[in-house]
Amino acid sequence: MKSDAEELMPRLLPVEFRDSAEDLDLNGPPRNPQEYLRQVQLEASLCPEVVVAQIDPKKLKKKQTVNASVAGCHAAPMGFCPSLNWQQQQVSNFSDVRQSITKNRKHWSSQTLDDNVLMPKLTDEEGWKRFCLGEKVYLGTSSCDTDAEPEPALDYRKVGFPPFLSIVSRLNQSTVLMVLEILISWFEERPFVPQLGRWFYALLACLEKPLLPEAHSSIRQLARRCSQLRTTLESQEDEKLPALNLLICLVARYFEQNDLADQPE
């Protein structure tokens, strides 16, 4: 009669056993392949069907740390939340921009860059901050909205290189994510400036879906920082409000981080 295990599981190595269980010595070495398989079968039959692990409860009291981006955004102050129609329109526009970049990436990446455009290496964090933000913002030498006399010629090293299509089309996904993380980290401790808004929008437009785990964490961090900064604005007329609302909207609505989405009054 077959055992319950034999009834449930088919034999992958069917072997005819001529020796009875009484003729086998489990303490001695097998004399042939058939005897080896028979010993394995008998040893398995001696194992209990259910095994209960003995766990020391004290070992379960150790503090465990889980790094997960689950925190939500700060609710928008009264009157600062964009309408649902506005959010849907921004998502539609953003989708069109992404499709255009994808369609024309090969063309733009083949364009010759000006001699003054020296793109940093992938791991050069300080270089990317200077490149995207410019020395004025990065070094804090002056405000980006300074009323000083305009310079004779635009010096991108001082004001930062805009995210031209000929530049962002050259960035692979590793670089897109790296630059995004660098700028978000910088933004965590500093105010919002137009250079940041332009680069965040461009990098999000180049970010491929489905998101990698690190990209998921980074964009949620960006939305939370924007929402936190929005709570400090004193007026609905503040020029930073539309940009902050836009970034929150794209992260939440386009990249489907729905728990971060603004809910209109």
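# Structural report on an all-helix predicted model

A search of the whole structure finds 0 disulfides. Two cysteines can nevertheless be placed with respect to the surface. Cys 132 is buried, at 1% relative accessibility, and Cys 206 is likewise buried, with a relative accessible area of 3%. The model described here is predicted, and its confidence is considered before its details.

## Confidence

The protein chain has an average pLDDT of 82, and 77% of the residues score at least 70. Confidence is highest in helix 10 (residues 240-254), at a mean of 97, and lowest in helix 1 (residues 4-8), at 50. Two stretches deserve separate mention. Over residues 62-69 pLDDT stays under 50, and the model has 4 contacts beyond four places in sequence for them. Over residues 142-150 pLDDT also stays under 50, and here the model has 6 such contacts. Where pLDDT is low, the predicted coordinates should not be read in detail.

## Overall architecture

The protein chain contains 10 helices and 0 strands, and its pattern along the sequence is α-α-α-α-α-α-α-α-α-α. Of its 265 residues, 34% count as buried. Among the contacts with a separation of 6 or more, 71% are between residues 24 or more positions apart.

## Helix 2

Helix 2 (residues 33-45) has 13 residues, which at 1.5 Å a residue should span 18 Å; the end C-alpha atoms are 19 Å apart, in agreement with that expectation. How are the buried residues of helix 2 arranged when seen down its axis? The residues concerned are Glu 35, Arg 38, Gln 39 and Leu 42. Seen down the axis, the buried residues of helix 2 fall within an arc of 105 degrees, so they line one face of the helix. The general geometry is relevant here: an α-helix has 3.6 residues a turn, so residues three or four places apart point the same way.

## Helix 7 and Thr 175

Thr 175 belongs to helix 7 (residues 173-188). With a relative accessibility of 12%, Thr 175 counts as buried because the cut-off for burial is under 20%. Leaving aside residues up to four places away in sequence, Thr 175 touches Leu 122 and Trp 128.

## Helix 9 and its surroundings

Helix 9 has 18 residues, and the distance from its first C-alpha to its last is 26 Å, close to the 26 Å expected at 1.5 Å a residue. Its buried residues include Ala 215, Ile 219, Leu 222, Cys 226 and Leu 229, and also the charged-name positions Arg 220, Arg 224, Arg 225 and Arg 230. Helix 7, helix 8 and helix 10 are among the elements that cover the buried residues of helix 9.

The loop between helix 8 (194-206) and helix 9 (213-230) holds Pro 210. The peptide bond from Lys 209 to Pro 210 is cis, with omega near 0 degrees.

In the segment after helix 10 lies Glu 256. Although Glu 256 is not a glycine, it has a positive phi of about 60 degrees. Glu 256 counts as exposed, at 54% relative accessibility.

## Salt bridges

Side chains of opposite charge can pair when their charged atoms come close. How many salt bridges does a search of the whole structure find? The search finds 6, and the table lists some of them.

| Basic residue | Acidic residue | N to O distance |
|---|---|---|
| Arg 157 | Asp 155 | 3.3 Å |
| Arg 220 | Asp 259 | 2.8 Å |
| Lys 240 | Asp 238 | 3.3 Å |

Arg 220 forms its salt bridge with Asp 259, and this pair links distant parts of the chain, with Arg 220 in helix 9 and Asp 259 in the segment after helix 10, 39 residues apart. Are these partners buried or partly exposed? Arg 220 counts as buried, at 3% relative accessibility, whereas Asp 259 counts as partly exposed, at 49%.

In the bridge between Arg 157 and Asp 155, Arg 157 is exposed, at 56% relative accessibility, while Asp 155 is buried, with a relative accessible area of 19%. Lys 240, which pairs with Asp 238, counts as partly exposed, at 25% relative accessibility.

Notes:
Residues are numbered from 1 along each chain as its sequence is written. This is a predicted model: local features need pLDDT of at least 70, side-chain atom pairs count only at pLDDT 80 or more; totals for chains, interfaces and linings use all residues. Side-chain values use heavy atoms; hydrogens and water are left out. Helices (H or I, at least four residues) and strands (E, at least two) are DSSP runs, numbered from the N terminus. Buried means under 20% relative accessible area, exposed over 50%, partly exposed in between (1.4 Å probe, protein chains only). Contact means heavy atoms within 4.5 Å. pLDDT is the predictor's confidence in each residue, from 0 to 100. The expected span of a helix is 1.5 Å times one less than its number of residues. The arc is that of the directions from the helix axis to the C-beta atoms. A disulfide is a pair of cysteine sulfur atoms within 2.5 Å. A salt bridge is a side-chain nitrogen of Lys or Arg within 4 Å of a carboxyl oxygen of Asp or Glu.
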